[in-house]
Amino acid sequence: MGNSIGRRLDFTVEGCSALEIGPQPTHRMVRGYADSQYAWHPRDHLHIWFQQEKAASPAGSINAVSITYCIAAESKMDIVAEDHDLRILRLELGPYETNCYIVIDNHTKDSLIVDAPDEAEEILLRLRGTEPRLIALTHSHIDHIMALADLKKALGVPLAAHPLDAAGLPEIIDLAVEDGIYLHIGQLDVHVIHTPGHTPGSVCYQTGKNLLAGDTIFPGGPGHTNTPSDFAAVLQSIEKKVLTLPPDTLILPGHGKTTILSDEKKAILRFRAASHAPDLCGDVLWQ
Ligand SMILES: [Fe+2]
């Protein structure tokens, strides 16, 4: 192992019995793990560049290796927002690579689960160290609810969703959300914004400068629509309910990576200035 310095090693955490990170990890994922609030997960796949080793281990094994600097790591979990008051985790789950978000009050450790795509055991693992209070759905499409029944059973917390998306849900809605109301998770206020179009009951959840947007808006375009009238509706929702938010709002979509509202706004305004077919719908891009 002595010759691994400066070389990239790929491995899973499983079987690694003595992995030390520090003293100055430079990647936020590693910092997230190293603060012991989040457990290493056996399926986390790490890419670690060794810069210094304290101890060698048998050839081909990483057991008992101590790493003094680690500059990158990858996981199914990503910390997408973090400030004094909250932390938001993104889990990309299931065959449709749908995002589940866990919003955590840093002061009380109360947590909110936004969408339940799949792999309930993964969501439950990432909730460790928090007090789950509510599961809130952005909408009722199957790729956002496949873990819902298992999560409800395991956590026993209420389910919040818009009543226009109640049909087809495997669970009864305990808290019917509507435009303008606030959910309270610990000391966090979560604003419900009704954004119909992708589905009639689609909602976004806004807390601080973060917008958990479901499938209403993605980087580069609106959510999928099946009819021109649905497309007109989602466009109106975006213009009236999303573009009016502060420009530094982080958009946390139901699929894919985070984007910033100011970046999307430029593309949307260009789209609006152009002419389009009257029957436009489907998977539309701003450009
Ligand atoms: Fe959807």
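The following questions and answers introduce one predicted model.

User: How are residues numbered, and which features of the model are considered?
Analyst: Residues are numbered from 1 along each chain as its sequence is written. Because this is a predicted model, local features need pLDDT of at least 70 and side-chain atom pairs count only at pLDDT 80 or more, whereas totals for chains, interfaces and linings use all residues.

User: How many helices and strands are there in the chain?
Analyst: Helices (H or I, at least four residues) and strands (E, at least two) are DSSP runs, numbered from the N terminus. By that rule, the chain holds 5 helices and 17 strands.

User: What percentage of the residues in the chain is buried?
Analyst: A residue is buried if 20 or more other C-beta atoms lie within 10 Å of its own, exposed if 12 or fewer, and partly exposed in between, with C-beta atoms placed from the backbone. Of the 287 residues in the chain, the buried share is 37%.

User: With which strand does S4 pair over 8 bridges?
Analyst: Two strands pair if DSSP finds at least two bridges between them. Strand S4 (residues 86–93) has 6 of its 8 residues buried, and 5 bridges join S4 to the antiparallel strand S3 (residues 77–82). The pairing over 8 bridges, also antiparallel, is with strand S5 (residues 98–105).

User: Which residue takes a positive phi in the hairpin of S4 and S5?
Analyst: Within the paired strands, leucine 91 stands opposite cysteine 100 in S5. The hairpin has 4 residues between the strands, and the positive phi, near 80°, belongs to glycine 94.

User: Which residues touch the most other members of the largest nonpolar core?
Analyst: A nonpolar core is a set of buried Ala, Val, Leu, Ile, Met, Phe, Trp, Tyr and Cys residues joined through C-beta atoms within 7 Å. In soluble globular proteins, nonpolar side chains tend to be buried together. Here the largest core has 50 residues, and those touching the most other members are Val103, Val114 and Ile135.

User: Why do the buried residues of helix H5 line one face?
Analyst: Helix H5 (residues 261–273) has 13 residues, and its buried residues are Leu261, Glu264 and Ile268. An α-helix has 3.6 residues a turn, so residues three or four places apart point the same way. The face turned away from the buried side carries the exposed residues Ser262, Lys266, Leu269, Arg270 and Ala273. The buried residues line one face because, seen down the axis (taking directions from the helix axis to the C-beta atoms), they fall within an arc of 60°.

Methods. The expected span of a helix is 1.5 Å times one less than its number of residues.
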